Amino acid sequence: MTNRTLQAPWDGLLLDARLATLTDNDRPYGAVEDAALGWKDGRIVHAGPAADLPGPAASLAREVTSANGAWITPGLIDCHTHLVFGGDRAHEFEQRLAGASYEAIARAGGGIASTVRATREADEDALFDAALGRLRRLLADGVTTVEIKSGYGLDLAGERKMLRVARRLGASSGAGVRTTFLGAHALPPEFADRPDDYVDHVCEVMLPALAEEGLADAVDAFCEKIAFSPAQTRRVFERARALGLPVKLHADQLSDLGGAALAAEFGGLSADHIEHSSEAGVQAMATAGTVAVLLPGAFYALRDTQLPPVDALRRHGVPMAVASDLNPGTSPLLSLRLAMNMACTLFRLTPEEALRGATVHAARALGLADRGTLAVGQRADFALWPVRRPAELCYWIGGTLATAVYAGGARIA
């Protein structure tokens, strides 16, 4: 529909398009054929049949362009990344192929700890330059909004540096960026064997300072045997709640510690990974409205065999988001669309579920109500795909399909 109260000229109008609006479940993909998409001041003003335009196209917009029959989808939303980091962990990839487990590598000083060392050593500009290259790869494949976590500084200076870089990435790229403070990611060397003292430091020093500076949009933690216990995670979440920040959780990836239920207890935006989550955890998520974020890239890279409880999530109506989990150790994945393919092939999502997972439900996992669908009033975030059907976004393995990507009505890729 068109909001006829908005005055022309619109900023842009695409004709000869097919829209995957994702606005309803009655039609596959919310598809509209013979469609047009118009936008003004960064917002969609028309997303529907071209026949419903309120006048001749040439009189409606400053720029009228043909989409040449392309499908237009909402911009993809990567709702779980660790995009800012120093160094890489290719050597650990070789170790895992030789038989070392993720836990064994971490306990030997590798894993997150090795990235912490490299990130602390890098200055802000070096982190920004490296991360910008990775971000551009995501944008070129249709992403318009990305969540970026900290968690590789593990001290106030390092966490602040990472979050400042994340904010700079949004300002320089035109993409939407949401930042998440992940101070409770691993135990830093200066707090070796003192996890409770470090949690105190996270709660009383880092979290309040970063919240005061407006650098964190949400708070995350890694609740796992090799990271932080449910009791320690609870303390972080209580502090976040006192500061007015929403929470999310790396939950039940390697074992079932009740992380999904803990995230739900605090009204968490999302519980992520959840390969080992129980039926009770899924039920708690459904009651709380917590989104399940599926991360098939990490499942693939770690050669995991424990599938997330997709059938239970469907049964209880828990929204399933899909994200890249881009990180240097367990998911060096530079394409959200490839993560969508993996979600279909490894987790048996349908292509429509995967696309909704990288748009509608990913937006919800970030607490964003203004994007993820093509509808009047939404942000003009969208991508053009020269494909015959939307399922091709999940069907093709790799490559770049998007021919144009817009965020807030401005072309970014």
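Reader: Which residues form one aromatic cluster with Trp39?

Author: This is a predicted model, where local features need pLDDT of at least 70, side-chain atom pairs count only at pLDDT 80 or more, and totals for chains, interfaces and linings use all residues. Residues are numbered from 1 along each chain as its sequence is written, and side-chain values use heavy atoms, with hydrogens and water left out. Rings of Phe, Tyr and Trp (its six-membered ring) pair if their centres lie within 6.5 Å; planes under 30 degrees apart are stacked, over 60 edge-to-face, the rest tilted. By that rule, the cluster partners of Trp39 are Phe382 and Tyr406.

Reader: How many residues apart in sequence are the parts that Trp39 and Phe382 tie together?

Author: The pair is tilted, with 5.0 Å centre to centre and 55° between the planes. Trp39 lies in strand E2 and Phe382 in strand E14 (strands are DSSP runs of E, at least two residues, and helices runs of H or I, at least four, numbered from the N terminus). The parts are therefore apart in sequence by 343 residues.

Reader: Is Phe382 buried or exposed?

Author: Buried means under 20% relative accessible area, exposed over 50%, partly exposed in between (1.4 Å probe, protein chains only). Phe382 has a relative accessible area of 0%, so Phe382 is buried.

Reader: Which ring does the charged end of Arg168 sit over?

Author: A charge sits over a ring if NZ of Lys or CZ of Arg is within 6 Å of the ring centre and within 35 degrees of the ring normal. The charged end of Arg168 is 4.1 Å from the centre of its ring, that of Phe128.
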